[in-house]
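Notebook open, model loaded. I want to go through strands, cores and a few single residues, and jot down what I find.

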Amino acid sequence: MPENAIYDILASSGVQRIPRVHSCGLLIKDFRGYRLDYLVMEDCGVPLSKALETLKPRERSFVGHIKRIIDDVTSCLVDAFVAGVLHRDISDGNIAVKIDGINGVGMNEEAHDPITGTPKYMSISTLLGIQYRSVITDIESFFYVMLNALRSIYSTGLHETPVGFGFQRCLRALGYIRATSLIREEWLADFGIERGKLPSKLLHILGAMRRFLFYKDGEYIGYCLTEMPPVVDGKVIPNQHGLAESYLPNYPNALTSVGRSNQARLLACFKELVRAMGEKAAASDAPEMPYRCEDYQNMPVSGSAHQPDLVFVCRGERHFTIGAVHMPLEAKVLRNTGDIDDEDLGQILYYVQAIWQTQVTRMFVPVLFLHGSLLSLFVFTRNESIRVNIGDVFVAADEPSLDAYGPIGTTLLNIYFLLSLSPGEFGADTSQSALVSASSRWRDGSIEVVFASRFERQVSLHGRLTRIVKARYNSQDVFLKLSWLATNRIPENAIYDILASNHVQRIPRVYSSGLLIESFRDYRLDYMVMEDCGTSFSNALAMLNPRRNPSFVEVLKRIINDVTSCLVDASVVGILHQNISDSSIAIRTASGRLSACIIDWGHAKDTCWESNASRDISRKWNYDSERVGKTEEDHDLTTGTAEYMGISTLLGVKYRSVITDIESLFYVILDALRGIYFAGLDEAPIGFSSYEDPKILGYVRAPCLYRNKWLVDFGINPRGVPLEILNILEAMRRFLFFKDGEYIGLYLIQESPYKYSIDEASARVFMSKDTIALLKDRFSNSES
């Protein structure tokens, strides 16, 4: 319907606070199914957000202005609704403040496109593709407009966009996020507003609007708004703000102003310098440089996406990957004598992380950084970085005096010294004296050393680093596992010792284990030789081929029983796995039948660290049980694999229990089954999508699991799933997320731990009687 006709209906019905129309008409009646109208109306002022910025929040009249604006807008929307008109696109630009008015109203007709409107301000039900609209959905949109305007005044101070406004690529995900945010006590922070800054009267107004829209008889109905059958399932709109799909930065435009050719010339000069030094060394008695310099400005290193400007590799390496790189070099045209920019540091850390992951026994990783004429060396250990400014490599063209060349000679000696060190002398050896011996050979004490602690990029070098290789042990196929771990965390060897000594079943047999490096920069290096436990959970299910294997359901049920019994048995002796994933559930054939084995206990937590048994284990494996135990109390809350984390863990709740491990198992099963019973989505289902902030996945899952059609949100078409499997999945969902028929997902997003009780009827579908008895004993009074 033409907008002119809408204004005519509103004006004839006496609706107030709409703009005055001076003239309107039809210019083109029909051209390829479109018409062209014109409309001349009064100037109604500035958008709401601009108007609030001009007001002074500290003045006593500020809250009164806001209250009057809210009253004007809601009364206009209600009057229009009575006249048979819905706006359907309430946004900041459509609420003009100067001469009272609202502009841009739409007709209450059945929408062909249910996502009509501005995504940032859409209601929850509209974001989820529900066709039904009413004046309430318009008022809900106005509620978000008001929150967005106020967050510029009462901001939390965060640089990133708050979750309540930030995720607009997938409309359904934003709807789920809002449904979860609005039940939380900290809901204002999720929309970028600091509660403590709001005047009490304004806080009361916002609270009243929230309760009007999302509560009924004191009960939160936000999740109910997600339940109606969606018309557009998971529709994705274009990314209007150019948000990056990954955490890698968009590089600044500084180089383009100078010209990329300048950087290429800079690197070409440096390469020629290294080549000439190598030739001079070969023709003299000086130590030979064991490396050659390779250029990767325009192509990635083989087998990876990494593209450092230059890399130094051993001369004997002909066909190499990132795992053979000794030292990368990153170059920038602009000289920087202060702190390195976050984006440049982040790119360097990206290369360092790749080298750590492929060269697990390295003690540290050196990186050269050529910025302008200045060459710097960064040495990255597991818990710090050391910066050494080696010196200027080139002389500026406007300084031709001989004095300017003096420092260059010293710099060249520094470079030659670094390039003459063997890999074993500089980082690649597991000897603790490698860094010390390398530095002790250097006689010039004038080098500036800066200890840096700036790891602000999302490339973390901290935590656990493991490398697993296939090996042979006493004529058996085994796996050798090497693990770097902070000395204030419990070693995986100790976890296996605790489990084995308490006769916990369905864990791998360990043939040999020990400590290689006791402590280097607060990290230790352990080794473990264990049996080959088979393939991953998803691979095993795919190979079973349920359409041809009549025993598929029984096998699946037995595997779930094996895993839950192992996790519960481990929790009884104080061990929580904390990283249940597809790869940590290994499936093997034992005695002619498939069974599960739980591996990868490196993120596990010992909740009984104060017991004498744990203290005995700590002495055996050379760690301080009290120090480790206290560290584990405030451990990294995102420990684990985000794709399989429980809702409370994703939202940063400190408390963990065996229930959170079982919840992770639930997501592992869903992920494996969606590969078999695919729902036909063109993209990753929102229940398994990757988000920059893991908290967003928690916000999405909480309302997903409330819906009757929850399986589709996890990528599974329920029509193709056998009824017995559907019963298992539903039993697990009810066991984890319901209590006495009431959905408890909204309690899992609160900071305080939820007090579980065991739903024995649901548990019997996928657990053994003994496992259920152990769980009931642990949760009979309160969660332990």
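Ground rule before the hairpins: I call two strands paired if DSSP finds at least two bridges between them. Helices (H or I, at least four residues) and strands (E, at least two) are DSSP runs, numbered from the N terminus.

Housekeeping: this is a predicted model, so noted, and local features need pLDDT of at least 70, side-chain atom pairs count only at pLDDT 80 or more, while totals for chains, interfaces and linings use all residues. Residues are numbered from 1 along each chain as its sequence is written, and side-chain values use heavy atoms, with hydrogens and water left out.

**Entry 1, hairpins.** I started with strand E12 (residues 374–380), which pairs with E13 in the antiparallel sense over seven bridges. Four residues sit between E12 and E13 in this hairpin. I looked up Leu374 and found Asp392 of E13 opposite. For burial I use relative accessible area: buried is under 20%, exposed is over 50%, partly exposed is in between (1.4 Å probe, protein chains only). On that scale strand E13 (residues 385–392) is mostly covered, with seven of its eight residues buried.

Next hairpin: E15 and E16, with two residues between them. Asn474 in that turn has a positive phi of about 50°. Strand E15 (residues 465–473) and strand E16 (residues 476–486) are antiparallel and share nine bridges. Thr466 has Ser483 in E16 as its bridge partner.

**Entry 2, Ser483.** Is Ser483 buried or exposed? Ser483 comes out at a relative accessible area of 11%, so I log it as buried. For contacts I take heavy atoms within 4.5 Å. Leaving aside neighbours within four places in sequence, Ser483 is in contact with Leu465, Thr466, Glu492, Arg524, Leu525 and Asp526.

**Entry 3, helix H15.** Glu492 from that contact list also turns up in H15, among the buried residues there. Eight of the ten residues of helix H15 (residues 492–501) are buried, so the helix is largely enclosed by the rest of the structure. The buried ones are Glu492, Asn493, Ala494, Ile495, Tyr496, Asp497, Ile498 and Leu499. Just after H15, I noted His503 with a positive phi of about 60°.

**Entry 4, cores.** My core rule: buried Ala, Val, Leu, Ile, Met, Phe, Trp, Tyr and Cys residues joined through side-chain atoms within 4.5 Å. Which residues have the most contacts inside the largest nonpolar core? They are Trp601 and Leu673, in a core of 148 residues. Not counting residues up to four places away in sequence, Trp601 touches Glu492, Ile495, Tyr496, Leu499, Ile507, Cys566, Ala570, Ile575 and His577. There is a second, separate core of 62 residues, and Tyr296, Phe312, Val352 and Leu418 are among its members.

**Entry 5, a small sheet.** I found an open sheet of three strands in the order E19-E21-E22, with antiparallel pairing. Strand E19 (535–536) and strand E22 (593–598) are at the edges with a single partner strand each, so one side of each has no neighbour in the sheet. Strand E21 (residues 585–590) is joined to E22 by six bridges, and Ile587 is matched with Ala596 in E22. Helix H17 (residues 552–572) lies across E21 and E22, at about 30° to E22. Angles here run from 0 to 180 degrees between N-to-C directions, with axes as lines fitted to C-alpha atoms, for helices over the stretch in contact.

**Entry 6, spot checks.** Lys29 is in strand E1 (residues 21–31) and counts as exposed at 70% relative accessibility. Beyond four places in sequence, Lys29 touches Tyr34 and Arg35.

Ile136 lies in helix H5 (residues 135–151) and is partly exposed at 35%. Its C-alpha atom is 7.4 Å from that of Leu213, 77 residues apart along the chain. With neighbours within four places set aside, Ile136 is in contact with Phe212 and Leu213.

Pro287 is in the loop between helix H11 (260–282) and strand E8 (291–295), partly exposed at 47%. Pro287 and Leu421 are 134 residues apart in sequence, with 9.0 Å between their C-alpha atoms.

**Entry 7, cysteines.** How many disulfides are there? Counting pairs of cysteine sulfur atoms within 2.5 Å, I get zero. I also checked burial: Cys24 is partly exposed at 39%, whereas Cys76 is buried at 2%.
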